[in-house]
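Opening my notebook for today. I want to go through this structure piece by piece and jot down what I find.

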Amino acid sequence: MTTRRPYGDWWVGQGNAQPGRGDSRSGRGDSRGLALLVGTAYRKGGLVVSLSAEETERFVEDGFVKLAGAFPADVGERCVRELWAATGCSRDDPATWTEPVVRLGGFSTPPFREAATTPSLHAAFDALVGEGSWAPLGGLGTFPVRFPSDQEPGDDGWHVEASYAGERGEPRVNHRSRNRALLLLFLFSDIGPDDAPTRIRAGSHRDVAPLLAPAGEDGREWMSLCAEAVRVSEHRPVVYATGTVGDVYLCHPFLVHAAQQHHGRTPRFMAQPPLHPVGSLDPHAQHPSPVERALAVASPGR
Ligand SMILES: O=C(O)CCC(=O)C(=O)O
């Protein structure tokens, strides 16, 4: 049985400054000790990694939590072989890596479905969104594959994700985060601080909720929301979504985040699907789930 460090490889920086070492909890010890530390649950048929109460609270505060070992590394490797084939580049020949980013999508073969539907992930979705309140992932959405490059990628602006289309087809977001319960970052390669980890403004979901509350059910058009969300969250500390194959970051749908240029040596493979809710989230529910509590944070009320 393997154990993983739950948080030890977060890197935290301020703005675009050089990052420094982040959270230092190590989680060393035998697997039962680890279970107590990170809320690992034992279930028939294997080890299920789940979130501790402390991690759930941190999700509400910071807007994200990392679930280490959410899917098996060997499943990740099977996916990566398919992804490499789709890039048209050679894994062994950096001369073929000519673009800073190649966007791939539409993978639904068995290894991708396996990675997206593990008991550990389902336990975490239950913990953050509530049992019966989320729809199992049908796929993993877009893979922006990032290659080491001197060129700017051109898609590294800060933003929140849009969650639904308005009447004219325009992307929108509303205070319930209609149609998006979570943003998920699936790590399909080992990602260090130089390997284009996604940048996250920790706590920025709390800046975005008040921008949406006054707009009610209609919500706001995504581009203008992003412009304001980026401005009001500038003061937040920046965390890099580093980790190893099989780790998944569970992020609040209002979290402000951005890609970055790849300064390392090994191409980065990461998927970023939405988790769709069943029904609609309610920031003012009588018994709110953690994601609903975080929707309501700093919101002035109904
Ligand atoms: O590639 C990344 O690190 C993040 C990409 C992203 O946020 C996006 O494509 O919306």
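**Entry 1: one residue.** I started with Ala73, which sits in helix H3, a run covering residues 73-87. Worth remembering: I'm looking at a predicted model. Is Ala73 buried or exposed? I counted 14 other C-beta atoms within 10 Å, and a residue needs 20 or more to be buried and 12 or fewer to be exposed. So Ala73 ends up partly exposed. Then I looked for its contacts, skipping neighbours within four places in sequence, and got Val245 and Gly246. I also checked Leu187, 114 residues from Ala73 along the chain: the two C-alpha atoms are separated by 9.8 Å.

**Entry 2: strand E14.** Next I moved to E14, residues 248-251. Which of its residues are buried? I found Val248 and Leu250 buried on one side, and Tyr249 and Cys251 buried on the other, so both faces are covered. That fits a rule I noted down: in a regular strand the side chains alternate between the two faces of the sheet.

Then I asked which strands pair with E14. One is E5 (residues 64-67), antiparallel over four bridges, and there Phe64 stands opposite Cys251. Another is E10 (residues 182-187), also joined to E14 by four bridges and running antiparallel. In that pairing I spotted Leu185 opposite Tyr249.

**Entry 3: a three-strand sheet.** I traced an open sheet with the order E8-E9-E12, paired antiparallel. Why do E8 (164-165) and E12 each have a side without a neighbour in the sheet? They stand at the edges with a single partner strand each, so one side of each is left free of a neighbour there. Between E8 and E9 I found two bridges, with Tyr164 opposite Arg172 of E9.

**Entry 4: helix H7.** I went through H7, residues 222-232, and marked Trp222, Leu225, Cys226 and Ala229 as buried. Looking down the axis, I saw these buried residues fall within an arc of 100 degrees, so they line one face of the helix. On the other side, Met223, Ser224, Ala227 and Arg231 are exposed. What do the buried residues pack against? I got strand E9 (171-173), helix H6 (205-212) and strand E12 (220-221).

**Entry 5: the ligand.** Last stop. Which residues surround the ligand? My list reads Pro144, Thr198, His257, Ala259 and Gln272. Sorting this shell by type, I got two nonpolar residues, three polar and no charged.

Note on methods:
Residues numbered from 1 in each chain as written. Predicted model: local features only at pLDDT ≥ 70, side-chain atom pairs only at ≥ 80, totals over all residues. Near = placed C-beta within 6 Å. Nonpolar A, V, L, I, M, F, W, Y, C, P; charged D, E, K, R; others polar. Arc of directions from axis to C-beta. Contact = placed C-beta atoms within 7 Å. Pairing = 2+ DSSP bridges.
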